[in-house]
Amino acid sequence: MPDYTIDAVVKTADVIEALCKFPKPLVSKDIEYFTGLSKNQVFRILKTLEDAKFVECIGGRWCISVHLIDLIARDAHAKIERMGRALRRTLDAKKYDAASP
């Protein structure tokens, strides 16, 4: 089976995951260590993510941006609402079934 993965996307996901795993912002050296990526790769990925407003650098330390957190929260909220509607339909159907002779 062919491999359809894109190396740059996998490496970018690794950087985002490293930033998400730690409660405090990380210096580039830490990101290099946790991802196994080179200094140049980490720099280019961080700058690309910064341009997209997904990360921000504060005092030389990198963290996930409020913009990315907001995007994730909105997606999670929409999924929770869909799950809630599905659960209500299921419960309503069970009530109807229980009320039927």
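Helices here are DSSP runs of H or I covering at least four residues, numbered from the N terminus. With that in mind, His 67 can be placed in helix α4, and the model you are looking at, a predicted one, can be walked through element by element.

Let's begin with helix α2, which spans residues 28–35 and has Ile 31, Glu 32 and Thr 35 among its residues as buried positions. Looking down the axis of α2, you will find these buried residues within an arc of 100°, so they line one face of the helix. The general geometry helps here: an α-helix has 3.6 residues a turn, so residues three or four places apart point the same way. Turn to the other side of α2 and you meet Lys 29 and Tyr 33, both exposed. What do the buried residues of α2 pack against? Their partners are α1 (7–21), α3 (39–51) and β2 (61–64). Just after α2 comes Gly 36, with a positive phi near 75°.

Now follow α2 to its neighbour α3. The axes of these two helices come within 9 Å and cross at roughly 110°. An angle from 65 to 115 degrees counts as roughly perpendicular, and that makes α2 roughly perpendicular to α3. The crossing of α2 and α3 is right-handed. On the α2 side, the residues that meet α3 are Ser 28, Ile 31, Glu 32 and Thr 35, while α3 brings Lys 39, Val 42 and Leu 46. Sorted by class, this contact of α2 with α3 holds three nonpolar, two polar and two charged residues. Ile 31, Glu 32 and Thr 35 thus appear both as buried residues of α2 and in its contact with α3.

Helix α3 also meets α1. Here the axes come within 10 Å and cross at roughly 80°, and α1 and α3 are therefore roughly perpendicular to each other. From α1, the contact draws on Lys 11, Thr 12, Val 15, Ile 16 and Leu 19; from α3, on Gln 41, Ile 45, Leu 46 and Leu 49. Those residues of the α1 and α3 contact divide into six nonpolar, two polar and one charged. Leu 46 is worth a look in your viewer, as it takes part in the contact with α1 and in the contact with α2.

Between α2 and α3 runs a loop that contains Ser 38. Is Ser 38 buried, exposed or partly exposed? With a relative accessible area of 34%, Ser 38 is partly exposed. Its C-alpha atom is separated by 13 Å from that of Ala 8, 30 residues apart along the chain.

The loop between α3 and β1 (55–58) holds Lys 53. Most residues other than glycine have a negative phi. Lys 53, although not a glycine, has a positive phi of about 65°. Lys 53 is also exposed, because its relative accessible area of 53% is over 50%.

That brings us back to His 67 in α4. Leaving aside residues up to four places away in sequence, His 67 touches Ala 52, Lys 53 and Phe 54. At 35% relative accessibility, His 67 counts as partly exposed. Measuring C-alpha to C-alpha in the model, His 67 and Ser 38 are 26 Å apart in space and 29 residues apart in sequence.

Helix α4, residues 66–99, also includes Ala 76. Ala 76 is partly exposed, at 34% relative accessibility. From Ala 76 to Lys 24 the C-alpha separation is 23 Å, with their positions 52 residues apart in sequence.

Methods: Residues are numbered from 1 along each chain as its sequence is written. This is a predicted model: local features need pLDDT of at least 70, side-chain atom pairs count only at pLDDT 80 or more; totals for chains, interfaces and linings use all residues. Side-chain values use heavy atoms; hydrogens and water are left out. Buried means under 20% relative accessible area, exposed over 50%, partly exposed in between (1.4 Å probe, protein chains only). The arc is that of the directions from the helix axis to the C-beta atoms. Contact means heavy atoms within 4.5 Å. Axes are lines fitted to C-alpha atoms, for helices over the stretch in contact, and angles run from 0 to 180 degrees between N-to-C directions. Angles under 35 degrees count as roughly parallel, over 145 as roughly antiparallel, 65 to 115 as roughly perpendicular and the rest as oblique. Ala, Val, Leu, Ile, Met, Phe, Trp, Tyr, Cys and Pro count as nonpolar, Asp, Glu, Lys and Arg as charged, and the others, Gly among them, as polar. A crossing is left-handed if the near helix is turned anticlockwise from the far one by less than a right angle, and right-handed if clockwise.
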